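Okay, thanks for coming, everyone. I'll put the structure up and then walk through a few spots that caught my eye.

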Amino acid sequence: MREEVINVAINEFTKKGLKFTMNDIAKAMGISKKTIYTVFDSKEAVFEGIMDTYFADFLAMQEAVSKDQDMDVVIKIEKILCVLPEKYHNIGLSNLYELRDKYPRSYKRLMAYVSEGWALVAQYLEQGIQEKKIRNLSVPIVMTMIEGTVTQFMQKKVLVENSITYEQAKKEMVKVIIDGIRYK
């Protein structure tokens, strides 16, 4: 039930932003709102469930990349930096900006998860340097650049104001970074 509520909530959040209600979720599921409250005590708890599910999906996708023995280390970095579980593709940054303003605890949880996901990228950067596939760069500096850029994407409205999706922005960022770090 918890997972189903979260999946429906993601869909509602994608369609309506923060304007979706617990009634919308209940109606989409064909259950009573009261039943939802047996699983989640508030709308914010639903958002936190979405964040937890996002991070679990993100880690599963990272693990799949890690296990692929045929994938070059530079490609692994590129894939991990661009990974975004499919059900989150259309959420939209403007919805995340609203989340930041109205549900700061949930937004803070999301940002903590985004930051946690970078350890594997740093590991692959080190590996790429050792394999001479990546130039000898300061890994902490590269990681700070990546984290800072992604954080800015999520905190500033520059993408929305320029009609650039988060996915497009990440792909462009990754292209610039990969071109800059690749051993030549």
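Let's start right in the middle of things, with Phe47: its relative accessible area is 0%, so Phe47 is buried. Bear in mind throughout that this is a predicted model.

So which ring does Phe47 pair with? That would be Phe20: the two ring centres are 5.6 Å apart and the planes sit at 70 degrees, which is over 60, so we call the pair edge-to-face. Phe20 is in the loop between H1 and helix H2 (22–29), while Phe47 belongs to helix H4 (residues 43–67), so this pair ties together parts that are 27 residues apart in sequence. Phe20 counts as buried too, because its relative accessibility is 0%.

Staying with Phe20 for a moment, there's a charge to look at as well. Lys43 places its charged end over the Phe20 ring, 4.7 Å from the ring centre. And Phe20 and Phe47 belong to one aromatic cluster together with Phe13 and Tyr103.

Now, Phe20 also has a neighbour in Glu12, which is one for the charge enthusiasts. Glu12 is part of helix H1 (residues 2–16). Is Glu12 buried or exposed? At 5% relative accessibility it falls under the 20% cut-off, so Glu12 counts as buried. Leaving aside residues up to four places away in sequence, Glu12 touches Gly17, Phe20, Asp24, Ile25 and Ala28.

Back to rings. The structure has 6 aromatic pairs, and I'll show one more beyond Phe20 and Phe47. Tyr54 and Phe58 are both in helix H4, 4 residues apart, about one turn of the helix. Their ring centres are 6.0 Å apart with the planes at 25 degrees, and that is under 30, so this pair is stacked. Tyr54 counts as buried at 11% relative accessibility, and Phe58 is buried as well, with a relative accessible area of 6%.

Phe58 leads us nicely to helix packing. H4 packs against helix H5 (residues 73–82) at an angle of about 170 degrees, and the axes are 10 Å apart. That angle is over 145, so H4 is roughly antiparallel to H5. On the H4 side the contact uses Phe58, Gln62, Val65 and Ser66, and on the H5 side Lys76, Lys79 and Ile80. Split by class, that contact has 3 nonpolar, 2 polar and 2 charged residues.

Let me zoom out to the whole chain. How many helices and strands are there? We have 11 helices and 0 strands. The C-alpha trace spans about 60 × 35 × 25 Å along its principal axes. Of the 184 residues in the chain, 45% are buried. And if you take contacts between residues at least 6 apart in sequence, 70% of them join residues at least 24 apart.

Last stop, backbone oddities. Most residues other than glycine have a negative phi. Lys132 is not a glycine, yet its phi is positive, about 60 degrees. Lys132 sits in the loop between helix H8 (119–130) and helix H9 (139–155), and at 55% relative accessibility it counts as exposed. Ser163 also has a positive phi, about 55 degrees, without being a glycine. You'll find Ser163 in the loop between helix H10 (158–161) and helix H11 (166–181), and with 67% relative accessibility Ser163 counts as exposed.

Okay, that's my tour. Over to you.

How values were computed:
Residues are numbered from 1 along each chain as its sequence is written. This is a predicted model: local features need pLDDT of at least 70, side-chain atom pairs count only at pLDDT 80 or more; totals for chains, interfaces and linings use all residues. Side-chain values use heavy atoms; hydrogens and water are left out. Helices (H or I, at least four residues) and strands (E, at least two) are DSSP runs, numbered from the N terminus. Buried means under 20% relative accessible area, exposed over 50%, partly exposed in between (1.4 Å probe, protein chains only). Contact means heavy atoms within 4.5 Å. Rings of Phe, Tyr and Trp (its six-membered ring) pair if their centres lie within 6.5 Å; planes under 30 degrees apart count as stacked, over 60 as edge-to-face and the rest as tilted. A charge sits over a ring if NZ of Lys or CZ of Arg is within 6 Å of the ring centre and within 35 degrees of the ring normal. Axes are lines fitted to C-alpha atoms, for helices over the stretch in contact, and angles run from 0 to 180 degrees between N-to-C directions. Angles under 35 degrees count as roughly parallel, over 145 as roughly antiparallel, 65 to 115 as roughly perpendicular and the rest as oblique. Ala, Val, Leu, Ile, Met, Phe, Trp, Tyr, Cys and Pro count as nonpolar, Asp, Glu, Lys and Arg as charged, and the others, Gly among them, as polar.
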